[in-house]
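Open your viewer, load the model and keep a selection box handy. We will go stop by stop, and each stop says what to pick and what is there.

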Amino acid sequence: MSLLDDVAERDSWRCWVCDEAVDPDESVNDPRGPSVDSRTADRKAKVAERLAHRGCNTRKGAVKVVIAWPDHLHVVEPAPLLTVAGRLERKGGREMVGRCPTERDAQEAANWLVDRFSRLVPGLPVTADIEPGGGQFLVILNTGRR
């Protein structure tokens with residue numbers, strides 16, 4: 001149980017898949033209970049364990065994980081965030097992740113992305129820029145070269 005506690009404390013008792021709180025008092029057999037997971041099915045990859053709900057962890061084994069964008073954000077053609085995270089981890093640089101109709105919408109999306117990536121890829125310094133383009137506003141994630 002100490003591995004679970006250590007991982008959970010490091011991840012602030014938040015599920016890396018759905019980004020919702022994990023109840024430390026819930027049974028580990030309950031779908032909302034805590035479990036230790038890695039973000040990849042590749043056993044050779046050197047990815048640290050992460051905290052996940054038991055249900056999120058089980059579902060991840062059957063289907064490819066999708067990190068959902070919140071419904072309240074107005075983003076056109078949002079990028080698949082795990083794919084973006086993987087590329088930024090490997091290569092660094094910058095990547096356009098969505099288009100927004102207003103600058104305010106773009107700022108909300110940028111703020112959410114920086115916050116979400118701080119938990120999705122701990123240790124990867126991610127910033128977000130907003131650039132006007134084609135009557136819309138582009139949201140771009142940046143990180144240093146790897």
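Select S12 to begin: at 52% relative accessibility, S12 counts as exposed (exposed is over 50% relative accessible area, buried is under 20%, and partly exposed is in between, with a 1.4 Å probe and protein chains only). S12 sits in the loop between α1 and β1 (34-38). Helices (H or I, at least four residues) and strands (E, at least two) are DSSP runs, numbered from the N terminus. The phi of S12 is near 55 degrees, a positive value in a residue other than glycine. As background, most residues other than glycine have a negative phi.

A word on what you are viewing: this is a predicted model, in which local features need pLDDT of at least 70 and side-chain atom pairs count only at pLDDT 80 or more, while totals for chains, interfaces and linings use all residues. Residues are numbered from 1 along each chain as its sequence is written, and side-chain values use heavy atoms, with hydrogens and water left out.

Stay in the loop between α1 and β1 and pick D19. D19 also has a positive phi, about 65 degrees, although it is not a glycine. Is D19 buried or exposed? With a relative accessible area of 11%, D19 is buried.

**The whole chain**

Now zoom out and colour by secondary structure. You should find four helices and five strands, running α-β-β-α-α-β-α-β-β from the N terminus on. Of the 146 residues, 41% count as buried. The accessible surface comes to about 8,500 Å², and 50% of that surface belongs to carbon and sulfur atoms; the areas come from the Shrake-Rupley method with a 1.4 Å probe, and for residues only the protein chains shown count as cover. If you like contact maps, residues 24 or more positions apart account for 56% of the contacts with a separation of 6 or more (contact means heavy atoms within 4.5 Å).

**The sheet**

Show β3, β4 and β5 as a cartoon. These three strands form an open sheet in the order β3-β5-β4, with antiparallel pairing; two strands pair if DSSP finds at least two bridges between them. The edge strands are β3 and β4, each pairing on one side only. Neighbouring strands of this sheet are turned by 30 degrees against each other on average, direction ignored. For such angles, axes are lines fitted to C-alpha atoms, for helices over the stretch in contact, and angles run from 0 to 180 degrees between N-to-C directions.

How many bridges join β4 to β5? Seven. To see one place along that pair, select A128, which stands opposite L141 in β5.

Add the helices next. α3 packs on the sheet and touches β3 and β5, its direction making about 160 degrees with that of β3. α4 packs there too, touching β3, β4 and β5, and its direction makes about 20 degrees with that of β5.

**Around α3**

Select L81, V84, A85, G86 and L88, the buried residues of α3. What covers them includes β3, α4 and β5. Just after α3, G92 takes a positive phi of about 70 degrees.

From here, move to E95 in strand β3. E95 is buried, with a relative accessible area of 14%. Show side chains and look for the polar contact of 2.3 Å that joins E95 and R87; a polar contact is a pair of N or O atoms within 3.5 Å, where within protein one must be able to donate a hydrogen and the other to accept it, and residues adjacent in sequence count only if both atoms are side-chain atoms. Leaving aside neighbours within four places in sequence, E95 is in contact with V84, R87, V139, I140 and L141.

**The core**

Select W69, V97, L113, F117, V139 and L141: of the 36 residues in the largest nonpolar core, these touch the most other members. Such a core is a set of buried Ala, Val, Leu, Ile, Met, Phe, Trp, Tyr and Cys residues joined through side-chain atoms within 4.5 Å. Which helix gives the most to this core? α4 does, with seven residues.

**Last stop**

Finish at P125, in the loop between α4 and β4 (127-133). P125 is exposed, with a relative accessible area of 56%. Beyond its neighbours within four places in sequence, P125 is in contact with N142 and T143.
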